[in-house]
Amino acid sequence: MSRYIATVDVHTLSEEQRKLLQPGQHITASGGQGRWAGQTKHGTDVAAWTENAKRSPLGRKAYFRALRTYATSFN
């Protein structure tokens with residue numbers, strides 16, 4: 001079962017701590033809010049930002065799913 005924590009500012013976390021975040025965890029960064037999608041094998045952080053999700057022609061769920069696929073496609 002997934003265990004989420006309170007909203008986290010990803011700028012305050014180390015690379016190792018970000019790697020341990022669960023997909024779907026609510027995050028903030030520079031005032032923006034979103035959900036953590038993961039980290040690629042090469043260490044690229046992937047997040048689904050709320051404002052981008054609102055404007056996405058895919059819709060919110062498909063937008064997150066696409067970013068999650070991107071985050072895991074390099075692993």
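Three salt bridges: that is the count for this structure. One caveat up front: this is a predicted model. Let me take the bridges one at a time, then move to the sheet.

First up, Lys 19 and Glu 16. They form a salt bridge, and their closest N and O atoms are 3.8 Å apart. The cut-off is 4 Å, so this pair counts. Where do they sit? Both are in helix 1, residues 15–19. They are three residues apart there, which means about one helical turn separates them. Now accessibility. Lys 19 is at 47%, so it counts as partly exposed. Glu 16 is at 52%, so it counts as exposed. The line for exposed is drawn at over 50%.

Next, Glu 51 and Lys 54. Here the closest N and O atoms are 3.2 Å apart, again a salt bridge. This pair belongs to helix 2, residues 50–55. Three residues lie from one to the other along the chain, so the separation is about one helical turn. Glu 51 has 44% relative accessibility and is therefore partly exposed.

Now Asp 45 and Arg 18. Their salt bridge has its closest N and O atoms 2.8 Å apart. This pair links distant parts of the chain. Asp 45 is in strand 4, residues 45–49, and Arg 18 is in helix 1, 27 residues away. Is Arg 18 buried or exposed? Buried, because its relative accessibility is 17%, and the limit for buried is under 20%. Asp 45 is partly exposed at 34%.

Stay with Asp 45 for a moment. Which side chain makes a polar contact with the side chain of Asp 45? That of Gln 39, at 2.7 Å. Gln 39 is in strand 3, residues 32–39. With 11% relative accessibility, Gln 39 counts as buried. So here is the picture around Asp 45: a salt bridge to Arg 18, a polar contact with Gln 39, and a position in strand 4.

On to the sheet. Four strands make an open sheet. The order is 1-2-3-4, and the pairing is mixed. Strand 1, residues 8–9, and strand 4 are at the edges. Each has a single partner strand, so one side of each has no neighbour in the sheet.

How do strand 1 and strand 2 pair? In the parallel sense, over two bridges. Strand 2 is residues 26–29. Val 8 has Ile 27 as its bridge partner in strand 2. For Asp 9, the partner there is Thr 28.

Strand 2 and strand 3 pair in the antiparallel sense, over four bridges. Ile 27 turns up again: its bridge partner in strand 3 is Gly 34. The hairpin of these strands has two residues between them. In that hairpin, Ser 30 takes a positive phi near 50 degrees.

Look at the faces of strand 2. A general point first: in a regular strand, side chains alternate between the two faces of the sheet. In strand 2, Ile 27 and Ala 29 make up the covered face. His 26 and Thr 28 make up the uncovered one.

Last item, aromatics. How many aromatic pairs does a search of the whole structure find? Zero. There is a charge over a ring, though. Arg 35 lies over the face of Phe 64, at 3.9 Å from the ring centre.

Key:
Residues numbered from 1 in each chain as written. Predicted model: local features only at pLDDT ≥ 70, side-chain atom pairs only at ≥ 80, totals over all residues. Heavy atoms only, no water. Buried < 20%, exposed > 50% of the residue type's maximum accessible area, 1.4 Å probe, protein only. Polar contact = N/O pair within 3.5 Å; in protein donor to acceptor, adjacent residues only side chain to side chain. Salt bridge = Lys/Arg side-chain N within 4 Å of Asp/Glu carboxyl O. Pairing = 2+ DSSP bridges. Phe/Tyr/Trp six-rings, centres within 6.5 Å; stacked < 30°, edge-to-face > 60°. Lys NZ or Arg CZ within 6 Å of the ring centre and 35° of its normal.
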